[in-house]
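User: I would like a close look at one part of this model, taken slowly and then set in the context of the rest of the chain. Please keep the wording careful.

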Amino acid sequence: RFDGCSGVKGGAVYISEGHLILKGGKQDYVECVAISGGGGVFLHKGHVFQQKTDLTFQSCKAQRKGGAVDVSHGSYYQSPGTLLNITKCVARDHGGGLFASESLHLADVDFHENFAWGSGMAAIARDDVVMDSMHFTGHGESVISAPLVVVQKTVNCTGSQQCRLRAREVQVNQFLCPIGAGRYKGRLAEGCLPCAAGRVQILEETNASCAACPSNSFCSAQYL
């Protein structure tokens with residue numbers, strides 16, 4: 001467990017021109033702080049391979065990119081069957097949870113109440129983001145940001161009224177939107193948005209868009 005660690009680059013772990021390969025057990029990074037990038041972990045010219053290790057980042061902060069992890073000139077790879085939970089991490093630049101200058105290839109990820117002043121409340125990558133599934137809570141004008149975002153299974157946004165993935169191309173099998181919000185697809189974003197005036201969505205979990213209120217009747221976003 002890394003608790004209250006601090007550094008210039010990488011509050012707990014700094015690696016230059018090498019890889020971080022995690023092959024077992026569990027690691028927790030709690031309230032770690034970096035003056036530059038990577039509140040918990042910073043890599044320069046290398047990749048992260050999360051193979052058989054469950055990772056938790058709690059309340060980590062970076063003054064630049066990657067509130068939890070900053071992979072500069074590299075990618076992050078998470079193997080199926082491992083857990084990645086990033087909660088209340090903050091970046092003053094981009095990527096409240098994760099930043100990668102190349103790609104993020106993830107399995108199942110939980111992002112809870114992370115924040116970035118720039119793009120990617122949860123994560124940002126310069127190449128692509130590919131994952132099996134994601135659970136997100138918080139406010140998400142720009143949850144994930146990348147040129148290409150692919151989610152093979154489900155993006156669960158039931159803990160957020162606004163949850164958008166920003167990319168030139170978004171490929172998501174299914175969003176789960178909460179009551180009062182519905183699936184939205186724009187030119188450069190896709191996700192869940194609150195229903196506009198005159199539209200409604202009354203299901204607790206749904207992949208459907210908001211629907212028009214019945215004619216000659218009053219309804220709110222959540223109630224007919």
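Which residues does leucine 165 touch, not counting residues up to four places away in sequence?

Analyst: The model is a predicted one, and what follows should be read with that in mind. When residues up to four places away in sequence are set aside, leucine 165 touches Met134, Val143, Ile144, Val149, Val151, Val155, Val170, Val172, Phe175, Leu188, Ala189 and Glu190. Leucine 165 also has a place in the largest nonpolar core, which has 47 residues, and it is listed there with Phe57, Phe111 and Ile144 among those that have the most contacts inside that core. Ile144 therefore appears twice in this account, once as a residue that leucine 165 touches and once as a fellow member of that group, under a rule by which a nonpolar core joins buried residues through side-chain atoms within 4.5 Å.

The chain around this core has zero helices and 27 strands. Its radius of gyration is 18 Å, close to the 17 Å that the globule rule gives for 224 residues, so the chain is as compact as a globular protein of that length. Along the principal axes, the C-alpha atoms fill a box of roughly 65 × 30 × 30 Å. Of the 224 residues, 53% count as buried, and among the contacts with a separation of 6 or more, 60% are accounted for by residues 24 or more positions apart. The chain exposes about 9,900 Å², with carbon and sulfur atoms supplying 50% of that area. As for charge, there are 20 positive and 19 negative side chains, and the centres of the two sets lie 5 Å apart.

Leucine 148 is another leucine that can be described in detail, and it is found in strand S21, which covers residues 148–159. With a relative accessibility of 24%, leucine 148 counts as partly exposed, because that value falls between the 20% under which a residue is buried and the 50% over which a residue is exposed. Leaving aside neighbours within four places in sequence, leucine 148 is in contact with Asp127, Asp128, Val129, Ala167, Glu169 and Gln171. Leucine 148 and arginine 166 are 18 residues apart in sequence, and their C-alpha atoms are 8.5 Å apart in space. Valine 200, which lies in strand S26 (residues 199–200), is buried, with a relative accessible area of 8%. The C-alpha atoms of valine 200 and proline 214, which are 14 residues apart along the chain, are separated by 9.4 Å.

Strand S16, residues 104–112, holds two aspartates worth setting side by side. Aspartate 108 lies in this strand and counts as partly exposed at 36% relative accessibility. Not counting residues up to four places away in sequence, aspartate 108 touches Gln78, Thr82, Leu84, Asp132 and Ser133; for Leu84, 24 residues away along the chain, the C-alpha separation from aspartate 108 is 6.9 Å. Aspartate 110 has its place in strand S16 as well and counts as partly exposed at 29% relative accessibility. With the sequence neighbours up to four places away left out, aspartate 110 touches Leu84, Asn85, Ile86 and His135, so Leu84 is touched by both aspartates under a contact cut-off of 4.5 Å. Between aspartate 110 and cysteine 219, 109 residues apart along the chain, the C-alpha separation is 33 Å.

Two loop residues deserve a separate word on backbone geometry. Most residues other than glycine have a negative phi. Glutamate 113, in the loop between strand S16 (104–112) and strand S17 (115–116), has a positive phi of about 55 degrees although it is not a glycine, and at 48% relative accessibility it counts as partly exposed. Lysine 45 has a positive phi of about 60 degrees, and it is not a glycine either. This lysine 45 is found in the loop between strand S7 (41–44) and strand S8 (48–50), and its relative accessibility of 47% makes it count as partly exposed.

Conventions. Residues numbered from 1 in each chain as written. Predicted model: local features only at pLDDT ≥ 70, side-chain atom pairs only at ≥ 80, totals over all residues. Heavy atoms only, no water. Buried < 20%, exposed > 50% of the residue type's maximum accessible area, 1.4 Å probe, protein only. Helix = DSSP H or I, 4+ residues; strand = E, 2+ residues; numbered from the N terminus. Rg over C-alpha atoms; globule rule 2.2 N^0.38 Å. Areas by Shrake-Rupley, 256 points an atom, 1.4 Å probe, with all protein chains shown as cover. Lys, Arg positive; Asp, Glu negative; His and termini not counted. Charge placed at Lys NZ, Arg CZ, Asp CG, Glu CD.
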